[in-house]
Amino acid sequence: MTNDILNSRQQAIIEQLRERGEVTVTELTRRFDVTPMTVRRDLDHLAAHGYLTRTHGGGLFSQQAKIQFAFREKQETQLAEKAAIAQAAAKLIQPGMTVVLDTGTTTLAVAHALAGIPNLKVLTSSLAIAAALYAHDNIELVLLGGSARKNSPDLTGPLTEDNLRQLRVQLAILGADALDRDGLYSSELAVARISKAMIACAQQTILVVDHTKFQKRAFVRFAGWKQIDRVITDDRLPAKEQRWLAKAAAHVLLAKGSAS
């Protein structure tokens with residue numbers, strides 16, 4: 001999240017906010033050996049860019065920054081695996097197709113891989129995916145309406161579900177928080193309902209997940225394996241997981257090129 005709008009001192013302040021949740025002008029003045037005015041300017045700059053909420057004597061790590069950092073940290077795990085999965089998924093998508101993309105960091109990687117495919121119509125509930133695709137002239141982007149979730153950049157709720165019920169797409173590309181022999185799971189009921197609606201409106205459904213999602217636990221089951229036409233995961237999936245998955249799923253692709 002830190003970038004060239006921040007100097008090294010401001011980036012260090014953000015790291016302290018991440019660790020402790022708050023900072024004060026007094027402690028930062030001592031730490032960096034600068035004047036209180038300089039620290040106040042730094043804090044004002046960080047507040048203007050959404051990193052913190054100013055208080056009388058310092059600042060608090062903003063909710064916006066917490067969400068963005070959490071999403072960025074999740075996005076940066078299993079980078080090679082997600083890239084390999086995304087490239088494999090993109091090879092299955094033809095010019096002119098209509099695709100709905102679920103929320104999540106693996107589907108975001110897929111969105112980046114789709115950017116060069118001409119004449120696509122992409123529907124999504126993910127604000128991060130919408131931000132990644134909206135400037136591409138070759139893609140008609142449809143952002144599904146709904147309520148923004150508090151702790152993640154995506155939309156859920158009755159409006160999103162109703163919109164999906166009115167639509168038909170050729171392909172749904174979904175992620176999951178956890179998987180086992182019985183099916184696919186989400187950590188949140190609202191997200192599970194959107195995933196179900198995406199499956200229902202699609203001719204075919206592809207699941208894109210890295211190997212770490214297997215045999216995890218999550219709150220709500222949103223689909224069984226018979227509802228999934230193809231699974232794309234990475235080649236670090238353990239052999240014992242590969243064996244039961246080959247029996248449970250119709251088609252399984254182990255994307256090669258992940259870190260091993």
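Two strands count as paired if DSSP finds at least two bridges between them. Helices (H or I, at least four residues) and strands (E, at least two) are themselves DSSP runs, numbered from the N terminus. With that in hand, look at strand β11 (residues 183-186), which is joined to β13 by three bridges, the two running antiparallel. One bridge to find on screen is the one where Leu 184 has Ala 223 of β13 as its partner.

Before going on, a word on what you're looking at: this is a predicted model, where local features need pLDDT of at least 70 and side-chain atom pairs count only at pLDDT 80 or more, while totals for chains, interfaces and linings use all residues. Residues are numbered from 1 along each chain as its sequence is written, and side-chain values use heavy atoms, with hydrogens and water left out.

Back to the strands. In general, strands of a sheet pair through backbone hydrogen bonds, either parallel or antiparallel. Here β11 and β13 belong to an open sheet of three strands, in the order β10-β11-β13, with antiparallel pairing. At its edges are β10 (178-180) and β13 (220-223), each pairing on one side only. From one strand to the next, the twist averages 40°. (Axes are lines fitted to C-alpha atoms, for helices over the stretch in contact, and angles run from 0 to 180 degrees between N-to-C directions.) Helix α9 packs on this sheet and touches β11 and β13, its direction making about 10° with that of β13. Touching, or contact, means heavy atoms within 4.5 Å.

What else does α9 pack against? The axes of helix α8 (residues 158-165) and helix α9 (residues 189-201) come within 9 Å and cross at roughly 10°. That makes α8 roughly parallel to α9; angles under 35 degrees count as roughly parallel, over 145 as roughly antiparallel, 65 to 115 as roughly perpendicular and the rest as oblique. On the α8 side the contact is made by Thr 160, Glu 161 and Leu 164, and on the α9 side by Arg 193, Ile 194, Ala 197, Met 198 and Cys 201. Sorted by class, the residues of this contact are five nonpolar, one polar and two charged. For the sorting, Ala, Val, Leu, Ile, Met, Phe, Trp, Tyr, Cys and Pro count as nonpolar, Asp, Glu, Lys and Arg as charged, and the others, Gly among them, as polar.

Now find Thr 156, in strand β8 (residues 155-156). Is Thr 156 buried or exposed? With 9% relative accessibility, Thr 156 counts as buried. The cut-offs are under 20% relative accessible area for buried and over 50% for exposed, with partly exposed in between (1.4 Å probe, protein chains only). Leaving aside residues up to four places away in sequence, Thr 156 touches Gly 146, Ser 147, Arg 149, Ala 190, Val 191 and Ile 194. Lys 247, in helix α10 (residues 239-248), is exposed, with a relative accessible area of 76%. And then there's helix α6 (residues 105-114): nine of its ten residues are buried, so α6 is largely enclosed by the rest of the structure.

Let's jump to the other sheet. Three strands form an open sheet in the order β1-β3-β2, with antiparallel pairing. Why do β1 (22-24) and β2 (52-55) each have one side without a neighbour in the sheet? They stand at the edges, each with a single partner strand, so one side stays free of a neighbour. The twist here averages 20° from one strand to the next. β1 pairs with strand β3 (residues 58-61) in the antiparallel sense over three bridges, and Thr 24 stands opposite Gly 58 in β3. Two helices pack on this sheet: α2 (residues 25-32), touching β1 and β3, and α3 (residues 36-48), touching β1, β2 and β3.

Helix α1 (residues 8-20) packs against α2 at an angle of about 130°, with their axes 12 Å apart, and the two are therefore oblique to each other. α1 also packs against α3, at about 70° with axes 10 Å apart, which makes α1 roughly perpendicular to α3. That second contact brings together Arg 9, Gln 10, Ile 13 and Ile 14 of α1 with Thr 38, Asp 42, Leu 43, His 45 and Leu 46 of α3.
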